[in-house]
Amino acid sequence: METAPNTDERINSTNWLYAALHRAGRTDEAAKALDAVPPEMTFKEPHTRFYLNLVRFFQGRMTEAEALPPEPPAGNTDQETELRFDTVAYGIGNWHLYNGNAEKAQEYFRRVAKRHVWVTWGFIGSEMELLRAH
């Protein structure tokens, strides 16, 4: 994160660093990683909003409902809408998983895996989590 060229990249990498550290059981380090995104931090690229929402959720500054974008309707063809949902739903699912609520996590992973934009990290990760659970 020290080499992130801008705040957008710092926000995005904080999301993934937090998740990776938490999944590795390094919860103190994960919590400290969130300090890289202070409340006043802003971003430029529109896609960074959903990563910032995840970080704010992890920080306790947003509720789950506030962080999660609307789920795309069946038949959705807008990849950006699906990308936003998949990314945040996967992140929230992970949060539930490493906080001991595997059932809620699986619910999120199933919601993502039924989508059609299979190249998102959220989709790929959700499929892997569903396979691990069986």
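Ala102 touches His96 and Leu97, leaving aside residues up to four places away in sequence. In this predicted model, Ala102 is found in helix 6, which covers residues 102-113. Because its relative accessibility is 39%, Ala102 counts as partly exposed.

Gly93 offers a second point of reference. Its place is in helix 5, residues 79-98. With a relative accessibility of 0%, Gly93 counts as buried, since the cut-off for that class is under 20%. When residues up to four places away in sequence are not counted, Gly93 touches Ala105, Tyr108 and Phe109.

For both residues, a C-alpha separation is available and is set out below.

| Residue pair | Separation in sequence | C-alpha to C-alpha distance |
|---|---|---|
| Ala102 and Val88 | 14 residues | 17 Å |
| Gly93 and Glu40 | 53 residues | 26 Å |

Helix 7 comprises the 13 residues 121-133. At 1.5 Å a residue, helix 7 should span 18 Å, and its end C-alpha atoms are 18 Å apart, so the expected and computed values agree. The buried residues of helix 7 are Gly122, Phe123, Gly125, Ser126, Glu129 and Leu130. These residues lie on the same side of helix 7 because they cover an arc of only 165 degrees around the axis. On the other side of helix 7, Trp121, Leu131 and Arg132 are exposed. The packing partners of the buried residues of helix 7 are helix 1, helix 5 and helix 6.

The interior also contains an enclosed space. The structure holds 1 cavity of 30 Å³ or more. The volume of the largest cavity is about 50 Å³. Helix 1 (7-23), helix 3 (48-59) and helix 5 are the elements that give two or more residues to its lining. That lining is formed by Asn15, Trp16, Ala19, Leu54, Phe58, Thr87, Tyr90, Gly91 and Asn94. Helix 5 supplies the largest share of the lining of the largest cavity, with 4 residues. In composition, the lining of the largest cavity has 5 nonpolar and 4 polar residues, and no charged ones.

Helix 5 thus recurs in several parts of this description: Gly93 is placed in helix 5, the buried residues of helix 7 pack against helix 5, and helix 5 gives the largest share of the lining of the largest cavity. Helix 1 likewise appears both among the packing partners of the buried residues of helix 7 and among the elements that give two or more residues to the cavity lining.

Definitions and conventions. Residues are numbered from 1 along each chain as its sequence is written. This is a predicted model: local features need pLDDT of at least 70, side-chain atom pairs count only at pLDDT 80 or more; totals for chains, interfaces and linings use all residues. Side-chain values use heavy atoms; hydrogens and water are left out. Buried means under 20% relative accessible area, exposed over 50%, partly exposed in between (1.4 Å probe, protein chains only). Contact means heavy atoms within 4.5 Å. On a 1 Å grid over the protein atoms alone, a cavity is a set of points where a 1.4 Å probe fits but cannot get out, and a pocket is an open set with protein on both sides within 12 Å along at least five of seven lines; lining residues have an atom within 4 Å of a point. Grid points are joined across faces, edges and corners, and a volume is the space filled by probe spheres set on the points. Ala, Val, Leu, Ile, Met, Phe, Trp, Tyr, Cys and Pro count as nonpolar, Asp, Glu, Lys and Arg as charged, and the others, Gly among them, as polar. The expected span of a helix is 1.5 Å times one less than its number of residues. The arc is that of the directions from the helix axis to the C-beta atoms.
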